[in-house]
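User: Could you go through this structure with me?
Analyst: Yes, please put it up and ask away.

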Amino acid sequence: MFDVCVIGSGAGAAPVVYELARAGFRVVVLEKGPYFTTDDFRKDEMACCRRDAYASSYLEEPQVIETPSGNGWEAVSTAVSGASFWNGNCVGGSSNLMSGYFHRMKPIDFRLLSEFGPVEKAAVADWPITYDDLEPYYTRCEHLIGISGKVVPYRWQEPRSTADFPYPPLEENIVSGWIDAAARRLGVAVIPTPRAILSRPAAGRNSCYYSNYCGSYGCASDAKGGARAALIEPALRTGRVDLRPLSHVFALESDGRHRVRRAWYFDAGGKRRSVAARIFVVACQAIETVRLLRISRNKEYPDGIGNGSGQLGRHLIFSAGGSGFGTFDYDALPAAARQALDRRGVFVNRSAVEWYVFDDPDTGRPIKGGIIDFLFAHDNPIRKALQQKWDGDRLVIGSELKRRLMAAFRGQRRLRFEVFVDWMPHADCYVDISRTVKDKWGLPVAKIRTGAHPHDLKVGRFLVQRAQEILRETGARDVTGHVSSYPPSNLQAGGCRFGTDPRTSVLDPWCRVHEADNLYVTDGSFMPTGGSVPYTWTIYANAFRVADAIRERL
Amino acid sequence: MSLTRREFLKGTGAVVLLSSVPVWMRCTEETAGPLSKHQAAVARRVFRIIFPDDGMGPDAERINAPAFLEWILRDPFYDPDIQQMLVQGIDALDAHARSVMGADFLSLEAHRQEALLDEMAARGHRWLSRMVTVVLEALLSDPIYGGNVHKAGWQWLGHYEGRPRPDERTRYEVLMRKRRGGHV
């Protein structure tokens, strides 16, 4: 029997594996996807992005997405739409493929309800822990995951137990200076964006080599602080971890006394196998974690494990916001600036943090805002070329297509922005189980209702406008921006909310399932609200916190 | 969930009838490949209209678009319905040419072939759109997949090449086999 069985191997799982293996416990890791090593991650747009080799197949493992349609909801399987909702299924999970824009949540994000009051038709709740509880673990991540950056004071800067990041900022493009100058003129706070990327070698990992292909790609130097390179592989070196890739868990078996006894899984050959352990940890990303707990229903848990109060799968959140870009024409720039702007690989790494909280223009009262990250438009050439294929509803072919490609690739560079604001938890965003669609193993798939809350669109609109003002001030032309209500599948959380009251939450404050004594959930699904930042740093930090609790218990 | 994937694709006006044998498992007598000689010739001509030899960068031949299409059609990991759609669209184009212009596509004069595709492009024709995607993938994917010969596409557009590039041990099909535990 193992001490701990961890299901999943991404950012929520890896800190538990790492800490408990190093503390001397025997850990088995069941990962659905294959084990791609660093060598397998090439700068190959076909593999990563056109054919999704790093994610599950939407044909073999569909999911059902419900989107608003008229007054109701339209449910379409991803096997029908072809629009995959997967985002990285392999050892290390989607953190292999992240861009690594790392922001801590702020103290007010832990008490959104008491700080700003209720929002109509939203299920906002305070966290059962505070920023101070998580701070030591945020700091631990800076060292273990490897976060580079520079602390710059501003109004909403969160308290830190250390003065600065352990790794200096990565190299920057000339455009970062243009953003700084624009921000100074406008009088708004812009900071260097912290990145989960090593700017110098550490812990057997190389530093960033500025390949120009970071997000959506795996890292060939292990500079990126993905869960595999930063935690799983060091944990494997303890000799106490049994990593089992291509192991798809389909049920947790309980013993009738509110304890999980075994995890059942299909191995690579489709054979049913099981493993026993003292403690079980589920971290399959929010949606799949809910699905596993739901389909593990049995006599003891007729509606799924942890669903006694009907809370499992509710309060799913994504990251709301929007995006846009402005264009710099090389012709309009002096030769030196043109050359510097054209320098590939080095980063923009700027975030506008002025409006983390702002006064609602409608009421004059402060409301929670968000952040704006600036970055270059992705250089994926096929994707870039495909953007030139349409002129409205007309398909562009022939010499006209070639002229458009020339202009898009040769004459300009696009500076993008991405806005991150809170995704209000509410009644029309949740994970359910499909009654009709099954995956290749015959298991019912997740059905995800993806309604957006109007409040998020309003906040998103405000920030998109501010982002466009900054872009215009940098001298970019044709600045555009839009707010999106469609959920980004790589930024998912919630579904197993943590809290002190079992009637309104699935997990206790230590992320243990209220109804199952030895079962923990350590991916992003514990989060009642998400803060207006990407989740990965918080998921890592919380998993380190829970790992401490499990270690003490063992 | 009333739609199946095939009905969904058909609903977009692209597909006539879909057979149940995956394209990649089919070989014709003439070519031992997924396309008949005639189909391959039609596809080649369509590619040259989508991406012509006009003195501006490489054309469809130079980036090996016809062979790249065959690679897509032979790929056991690719969406079989899209593969079917690509092949059947070629036949549908011939049928369309006969009904509108009274002759097979290849028998038409060049300007009439172009007019036919222009008219389809104006309607945003789904199959033609897929063929444009094939051309752009052939133009800008890693040369290991058969298109972008001698990096002609990358060089023409000044693309900044990422390193390390895929090799025979790490190309997409190998990763897909790894995903399936060695099984196709």
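User: Where does Pro164(B) lie?
Analyst: Pro164(B) lies in the loop between helix 7 and helix 8 of chain B, where helices (H or I, at least four residues) and strands (E, at least two) are DSSP runs numbered from the N terminus. A cis peptide bond joins Arg163(B) and Pro164(B), with omega at about -5°.

User: What kind of model is this, and how is it numbered?
Analyst: This is a predicted model, in which local features need pLDDT of at least 70 and side-chain atom pairs count only at pLDDT 80 or more, while totals for chains, interfaces and linings use all residues. Residues are numbered from 1 along each chain as its sequence is written, chains are lettered from A and ligands numbered from 1 in the order in which they are written, and side-chain values use heavy atoms, with hydrogens and water left out.

User: Back to that loop: which residue of chain A forms a salt bridge with Asp167(B)?
Analyst: Arg42(A) does, with the closest N and O atoms 3.5 Å apart; a salt bridge here is a side-chain nitrogen of Lys or Arg within 4 Å of a carboxyl oxygen of Asp or Glu. Arg42(A) lies in the loop between strand 2 (27–30) and helix 2 (45–50) of chain A, and Asp167(B) in the loop between helix 7 and helix 8 of chain B, so the pair joins two chains.

User: How many salt bridges are there between chain B and chain A?
Analyst: The count between these two chains is seven, and over all chains the structure holds 67. Arg180(B) and Glu60(A) also meet through their side chains in a salt bridge, at 3.0 Å from N to O.

User: And which helices of chain B supply the side that touches chain A?
Analyst: Helix 1 (5–11), helix 2 (37–50), helix 3 (65–74), helix 5 (110–122), helix 6 (126–140), helix 7 (152–157) and helix 8 (172–179) of chain B each supply at least two residues of that side. The largest share, eight residues, comes from helix 6 of chain B. By residue type, the side of chain B that touches chain A divides into 32 nonpolar, 14 polar and 17 charged, with Ala, Val, Leu, Ile, Met, Phe, Trp, Tyr, Cys and Pro counted as nonpolar, Asp, Glu, Lys and Arg as charged, and the others, Gly among them, as polar.

User: How much area do chain B and chain A bury between them?
Analyst: They bury about 4,900 Å², 64% of it on carbon and sulfur atoms, buried area being the accessible area (1.4 Å probe) that two parts lose on being put together, summed over both. In terms of contact (heavy atoms within 4.5 Å), 63 residues of chain B touch 62 residues of chain A.

User: Switching to sheets, what is the order of the four strands in the open sheet of chain A?
Analyst: The order is 4-3-19-18, with mixed pairing, and two strands pair if DSSP finds at least two bridges between them. Strand 4 (72–77) and strand 18 (429–438) of chain A are the edge strands, each pairing on one side only.

User: How many bridges join strand 3 and strand 4 of chain A?
Analyst: Six bridges join strand 3 (residues 64–69) to strand 4 of chain A, and the two run antiparallel. Glu66(A) stands opposite Ala75(A), and Val64(A) stands opposite Ser77(A). The two strands form a hairpin with two residues between them, and Gly70(A) in the turn has a positive phi of about 60°.

User: Which residue has a positive phi although it is not a glycine?
Analyst: Leu246(A) does, at about 55°, and Leu246(A) is found in the loop between strand 6 (241–244) and strand 7 (248–254) of chain A.
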